[in-house]
Amino acid sequence: FSFTQKDAPSNVWWRRFCTDPPKCKLHSMRWSHAHPTWTFWSLPWFGRWLRRHFRDESLEVKPGQQAKTSFSVAEIPEDEDMLNVAAWEDRATKQWCKYDNDRTEFRDMLRWEPNMGERCPS
């Protein structure tokens, strides 16, 4: 699922990162969920964005952007939203995808026995 302006048209970041819907060329990557794991290498990045949020810093207009694209980081309503805005602002391109097993699929995997071969429990 890639979050789109149609899903949340009032969020402040669309005027900065998606001036050309549905292409959104300023998105350096697709919408990411906030629950993946992170390595210690990301701590300075997290710290920088946490500071921006606590200090209510603004994302200023960059060269080539429209005048209305500046907004306060504190206007970003959720952690997931902020992590995506931060990634797009810093032009991040690396992403980790989390594989979610359905509860019943996980139970079936645990019930598998070697004598079943490649067959799944029914």
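# Briefing: an enclosed helix 3 and its surroundings

The buried residues of helix 3 pack against helix 1, helix 2, strand 1 (58-59) and strand 2 (71-72). In this predicted model, 10 of the 11 residues of helix 3 are buried, so the helix is largely enclosed by the rest of the structure. The protein as a whole has 4 helices and 2 strands, which follow one another along the sequence in the pattern α-α-β-β-α-α.

**Overall make-up**

- Of the 122 residues in the protein, 31% are buried, and the accessible surface comes to about 9000 Å², with 56% of that surface belonging to carbon and sulfur atoms.
- When contacts between residues at least 6 apart in sequence are considered, 60% of them join residues that are at least 24 apart.

**Helix 3 and Asn-84**

- The buried residues of helix 3 are Glu-80, Asp-81, Met-82, Leu-83, Asn-84, Val-85, Ala-86, Ala-87, Trp-88 and Glu-89, a list in which charged and polar side chains such as those of Glu-80, Asp-81 and Asn-84 appear together with nonpolar ones such as those of Met-82 and Leu-83.
- Asn-84, which lies in helix 3 (residues 79-89), has a relative accessible area of 2% and therefore counts as buried.
- A polar atom of the Asn-84 side chain lies 2.8 Å from the backbone oxygen of Glu-80, and, once neighbours within four places in sequence are set aside, Asn-84 is in contact with Arg-30, Trp-31 and Ser-32.
- Just after helix 3 in the chain, Arg-91 takes a positive phi of about 60°.

**The nonpolar core**

- In soluble globular proteins, nonpolar side chains tend to be buried together.
- The largest nonpolar core here has 20 residues, and those with the most contacts inside it are Trp-13, Trp-49, Phe-71, Ile-76 and Val-85.
- The elements that give two or more residues to this core are helix 1 (14-17), helix 2 (43-54) and helix 3, and helix 3 gives the most, with 6 residues.
- Phe-71 lies in strand 2 and, with a relative accessible area of 2%, is buried.
- Leaving out residues up to four places away in sequence, Phe-71 touches Val-12, Trp-13, Arg-15, Arg-16, Phe-17, Glu-57, Ser-58, Leu-59, Ile-76 and Val-85; for one of these partners, Glu-57, which is 14 residues away along the chain, the C-alpha atoms are separated by 8.6 Å.
- Ile-76, with residues up to four places away in sequence again not counted, touches Trp-13, His-53, Phe-71, Asp-81, Met-82 and Val-85, and among these partners Asp-81, Met-82 and Val-85 are buried residues of helix 3.

**Salt bridges**

- Side chains of opposite charge can pair when their charged atoms come close, and in this model the count comes to 6 salt bridges.
- The side chains of Lys-62 and Glu-89 meet in a salt bridge with an N to O distance of 3.2 Å, and this pair links distant parts of the chain, given that Lys-62 is in the loop between strand 1 and strand 2 whereas Glu-89 is in helix 3, 27 residues apart.
- The two partners differ in exposure, because Lys-62 is partly exposed at a relative accessible area of 34%, while Glu-89 is buried at 10%.
- Salt bridges that share partners join Arg-51, Arg-52, Arg-55 and Glu-57 into one network.
- Within that network, Arg-52 forms a salt bridge with Glu-57 in which the closest N and O atoms are 4.0 Å apart, and the side chains of Glu-57 and Arg-55 also meet in a salt bridge, likewise at 4.0 Å from N to O.
- Arg-52 counts as buried, at 17% relative accessibility, whereas Arg-55, at 60% relative accessibility, counts as exposed.

**A nonpolar patch on the surface**

- Phe-40, Trp-41 and Leu-43 make a nonpolar surface patch of about 440 Å².
- Phe-40 lies in the loop between helix 1 and helix 2, and because its relative accessibility is 57%, above the 50% that marks an exposed residue, Phe-40 counts as exposed.

Terms used: Residues are numbered from 1 along each chain as its sequence is written. This is a predicted model: local features need pLDDT of at least 70, side-chain atom pairs count only at pLDDT 80 or more; totals for chains, interfaces and linings use all residues. Side-chain values use heavy atoms; hydrogens and water are left out. Buried means under 20% relative accessible area, exposed over 50%, partly exposed in between (1.4 Å probe, protein chains only). Contact means heavy atoms within 4.5 Å. Accessible areas come from the Shrake-Rupley method with a 1.4 Å probe; for residues, only the protein chains shown count as cover. A polar contact is a pair of N or O atoms within 3.5 Å; within protein, one must be able to donate a hydrogen and the other to accept it, and residues adjacent in sequence count only if both atoms are side-chain atoms. A nonpolar core is a set of buried Ala, Val, Leu, Ile, Met, Phe, Trp, Tyr and Cys residues joined through side-chain atoms within 4.5 Å. Patches are made of residues with over 30% relative accessible area and no salt bridge: like charges are joined within 9 Å, nonpolar side chains (Val, Leu, Ile, Met, Phe, Trp, Tyr) within 5 Å.
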